[in-house]
Amino acid sequence: MSQKPDNDPRLDQAAASDDAVLALHEKAIGEHPDNGARYRLLPIFILFTLSGLILFAGTYLNRYAAHYSPLVFNENGKPSTGEVVVKIDPVALGKKQFEAVCITCHQATGMGVAGIYPPLAGSEWVNGPSKRLIEIVLYGLKGEVHVESHVYSAAAMPVFGQVAGSAYNWNDDRIAAVLTYVRQEWGNKSGPISADEVSAVRKSMGDHKEMSEDVLMASK
Amino acid sequence: MKAEYSPIDRASSVPLILLLRSGVAWLALSGVLGLVAAAQLISPHFLDSWSFTTYGRVTALAETSFVYGWLANAGVALALWSLGRLSGEPLRGQGWALGGWLFWNLGVLAALVGIVHGDSTGFTLLGLPRYVHLVLLFSYAALAVPGILAWSGRQRKISYASQWYAVAALFLFPWILSVVHVTLFAWPARGVLQPIIAGWYAQCAWTLWIAPLVLSVAYFVVPKETGKVLPSYEFASLGFWTLIFVGGLTGGRHLIGGPVPAWIPALAVVSCALLLFHTFIVFLNLRGAVFARGVASRLISIGLAAYILGALVDAVTSFHSVAEHTQFTYFDTLQQQLALYAGASTVLFGGIYFALPRITGNLWTSAGLVRAHVGATVVGLLLLLISLGGAYYVQSQGLLDAKVSFATITAQTRPWLLGAFYAQAILLVGNIALLVNLLASACWITDFSAPATFNPAPALETSAT
Amino acid sequence: MKNNVIFFLGLFTALLISWAGIVLGSNAQLGKLAPYYDDNDSTSYPQWLPGVAAQGQLVYRDLGCASCHTQQVRRPGFGSDQARGWGERQSVARDYIYQPAPQLGSYRIGPDLTNLGDRKPSAPDVDDLLHLLYVGAPGMPSYRFLFHTRQLGVGAQASDHALSLKGALSPPAGTEVVPSRRALELASYLVTLKTTYDYPEAVPLAAAPKEGEK
């Protein structure tokens with residue numbers, strides 16, 4: 001062969017036989033030469049590196065694994081403990097309910113439709129005693145009703161509360177929220193209505209039949 | 001002292017050559033597909049008139065033929081070769097390997113046809129349509145048979161690092177694939193469990209399959225070429241078990257900030273950091289490759305440098321504050337190319353250059369083609385990584401600023417992506433050089449009675465430190 | 001390493017640990033994740049995708065749309081996701097429980113699509129998306145193979161969802177460009193992408209103490 005085999009890119013020469021590779025590496029594991037009684041730093045360094053990494057791993061998981069909770073997506077978060085206290089803004093919830101249901105009759109302006117659906121904006125019923133208002137939503141309203149000396153009689157208010165014959169079965173929270181909303185919207189300035197007030201009315205009146213203006217005015 | 005050429009290789013040459021040939025052929029195909037995808041990033045309307053040349057499908061095709069065509073074929077061939085040599089006997093059960101080779105490659109072909117038809121699963125590193133999984137599973141198990149037989153029938157009781165990595169890769173992959181088939185396809189998990197399991201699979205395929213295949217080649221070729229005992233070899237087993245035990249836990253690496261429980265990315269952060277210990281041991285053991293002169297050592301040292309760099313980058317980018325910049329950008333492409341191309345493929349190239357003359361008994365046909373391939377690989381990789389880095393930087397700055405529109409980002413990344421396109425073209429030229437050279441060199445097998453070109457290997461004792 | 005059996009057991013144990021930890025562990029936590037019942041709305045969330053949209057998700061997957069688009073909004077302080085109007089809250093696991101093939105994606109070469117059906121100020125409708133698919137955009141290819149051109153009978157009205165194209169793109173007189181079934185499925189899927197419901201677990205954390213000190 002004319003080329004110098006060592007530099008020929010067509011063939012890499014081996015510098016060790018397979019047997020030698022096996023035999024010497026087997027020996028390398030087995031024996032730890034004393035090296036003239038010098039202290040060997042590498043094994044200690046490797047030990048420290050590994051322990052350091054494991055320490056880091058433990059600490060990091062402890063801090064950022066959110067206690068392995070399935071519902072925490074932020075590594076800084078913690079799983080919620082015990083009861084979840086969800087604070088709902090009654091005005092926001094009420095607005096959502098109003099826009100889903102009430103808006104069809106009472107309109108986005110809160111002005112209703114003349115002669116058919118009474119207005120809520122500025123209405124003496126909405127801004128009046130809270131018990132009367134709660135009764136209307138809980139049990140519905142049939143027959144003539146006077147708002148700001150106009151008569152509305154063509155339509156009936158459906159039953160919303162969790163009472164017999166209810167069309168909507170809204171819970172007290174929802175009714176309170178929607179009433180709170182209408183009492184502060186469109187220039188109305190009346191105070192909020194709590195779910196407890198609604199519950200109290202519902203419990204004291206039981207499964208009352210639909211309200212009429214006379215009954216409401218009488219009950220006070 | 002045994003001679004460096006041996007009847008062991010001659011007796012095992014048929015399946016090994018078949019695996020290497022098909023592997024390099026898939027590599028060239030994936031290069032062409034990768035080039036098309038790179039062109040589509042520059043001008044999106046390129047080849048958009050057919051469903052099968054959509055960017056999404058072309059990238060899935062390129063990735064599948066790269067991983068399951070090239071890396072699997074070449075990696076398994078070299079693992080079988082080194083296991084056979086280290087066992088001191090010709091490979092047993094070669095019929096299994098031949099059958100495995102045939103059905104594996106038919107399976108990959110079926111997978112590509114399936115993706116063309118739109119059956120891709122859409123998961124990273126797992127674009128394989130569900131109906132090829134079983135074929136691939138059983139053909140891989142068949143391919144592994146000669147390797148496992150060679151390992152269990154080895155002459156020495158104590159085994160060598162190269163053997164551990166090779167056996168681990170041969171043994172573990174079928175399990176990973178079967179788990180993912182059952183949980184994602186046979187009885188699909190719900191919702192975000194799918195990306196979680198797919199992420200687990202992708203990381204396992206890398207850390208428990210491809211990386212071990214690659215390291216088995218490096219651990220075998222490096223001491224053979226340097227002629228020295230690996231420094232700090234007594235820690236090699238610690239490095240091995242770190243990879244095997246921790247590798248599978250890195251699954252949530254890409255899911256940080258996403259809709260998965262926080263512990264999954266947190267576990268990935270920790271595992272990526274622990275894997276650095278493995279990387280450090282690999283560095284300690286194989287650092288001698290830099291000083292060896294052969295083509296194989298040069299390629300393997302480049303590959304190992306990329307492997308180490310890739311592990312560092314993985315560890316750094318798994319943290320929230322870094323991932324915020326790198327997530328969803330070309331940095332992911334960069335990381336993938338750093339691991340699968342610069343890391344894995346380069347080492348496999350080195351292994352092929354070392355092994356093939358011994359398997360066939362011939363020199364490589366053309367020295368010029370070897371040089372062309374090595375040169376193209378180095379230049380292409382540098383250009384590719386730099387271009388993707390630039391594209392990442394521009395894209396990341398744009399994405400973080402809500403006022404920058406996507407049209408602006410596209411325009412700004414374009415010059416960098418053009419660089420990536422040229423890089424892919426250079427790599428493709430190199431790979432075609434490899435393919436031509438391989439087909440020419442491996443088309444006949446020389447009688448081993450007169451292989452005058454091999455120097456006898458010196459005994460290691462003389463040069464061991 | 002000498003003992004073959006122990007070696008294989010070691011390998012297998014390692015795989016078992018990662019499998020049990022990640023696959024089994026997350027499955028135990030999220031596999032039975034129930035929809036969230038909202039008492040006030042008397043509805044549970046998320047809602048099932050309509051059939052045509054579920055089909056569309058498969059079209060989305062097989063065309064590889066996830067190569068460029070993600071479907072996951074990250075929490076505030078994580079990139080510009082919310083500043084870009086991609087969603088008002090972060091995506092959570094519950095969002096995806098009814099999806100046949102969740103497409104989280106891993107690249108943002110194009111915008112995130114998690115909440116495409118609820119974009120402010122105006123969300124695209126099916127016809128807008130069909131037009132986009134046909135025409136493409138800067139940085140986005142067109143998908144004309146999802147459409148076909150057909151003859152329009154004399155005096156016949158244009159079909160539902162026939163594209164209104166202008167200039168060079170407009171089809172010859174007497175013909176119209178109509179979407180295929182797959183195009184309609186894809187567009188119908190995209191308009192159903194909405195994450196308007198706020199789950200309790202999607203509420204962002206109160207400002208971190210570190211930021212509070214500033």
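Reader: Before chains A and C come up, what puts two residues in contact here?
Author: Two residues are in contact if their C-beta atoms, placed from the backbone, lie within 7 Å. The model is a predicted one.

Reader: With that in hand, how many residues of chain C are in contact with chain A, and with how many of its residues?
Author: On chain C there are eleven such residues, in contact with twelve residues of chain A.

Reader: And how do the residues on that side of chain C divide by class?
Author: The side of chain C that touches chain A has five nonpolar, three polar and three charged residues.

Reader: Turning to chain B, how many residues does the contact take from chain C and from chain B?
Author: Chain C gives 60 residues to this contact and chain B gives 65.

Reader: Which elements of chain C give two or more residues to it?
Author: They are helices α1 (4-30) and α2 (51-62) of chain C. The largest share of the side of chain C that touches chain B comes from α1(C), with 15 residues.

Reader: What about the classes on that side?
Author: The side of chain C that touches chain B comprises 30 nonpolar, 21 polar and nine charged residues.

Reader: Let us take chain C by itself. How many helices and strands has it, and in what order do they run?
Author: Chain C has five helices and four strands. Read from the N terminus, its elements follow the order α-β-β-α-α-β-β-α-α.

Reader: What is its radius of gyration, set against a compact globule?
Author: Chain C has a radius of gyration of 23 Å, whereas a compact globule of 214 residues would have one near 17 Å. Along the principal axes, the C-alpha atoms of chain C fill a box of roughly 80 × 55 × 40 Å.

Reader: What percentage of its residues is buried?
Author: In chain C, 37% of the 214 residues are buried. As for contacts in chain C with a separation of 6 or more, 74% of them join residues 24 or more positions apart.

Reader: Back to chain B: how do the axes of α3 and α4 cross?
Author: The axes of α3 (residues 55-87) and α4 (residues 94-116) of chain B come within 9 Å and cross at roughly 170°. Because angles over 145 degrees count as roughly antiparallel, α3(B) is roughly antiparallel to α4(B).

Reader: Which residues make that contact?
Author: From α3(B), they include R57(B), L61(B), Y68(B) and L80(B); from α4(B), they include A97(B), V108(B), L112(B) and V116(B). By class, the contact of α3(B) with α4(B) has ten nonpolar, three polar and one charged residue.

Note on methods:
Residues numbered from 1 in each chain as written. Chains lettered and ligands numbered in written order. Predicted model: local features only at pLDDT ≥ 70, side-chain atom pairs only at ≥ 80, totals over all residues. Axes fitted to C-alpha atoms, helices over the stretch in contact; angles between N-to-C directions. Parallel < 35°, antiparallel > 145°, perpendicular 65-115°, else oblique. Nonpolar A, V, L, I, M, F, W, Y, C, P; charged D, E, K, R; others polar. Rg over C-alpha atoms; globule rule 2.2 N^0.38 Å. Buried ≥ 20, exposed ≤ 12 C-beta atoms within 10 Å, placed from the backbone.
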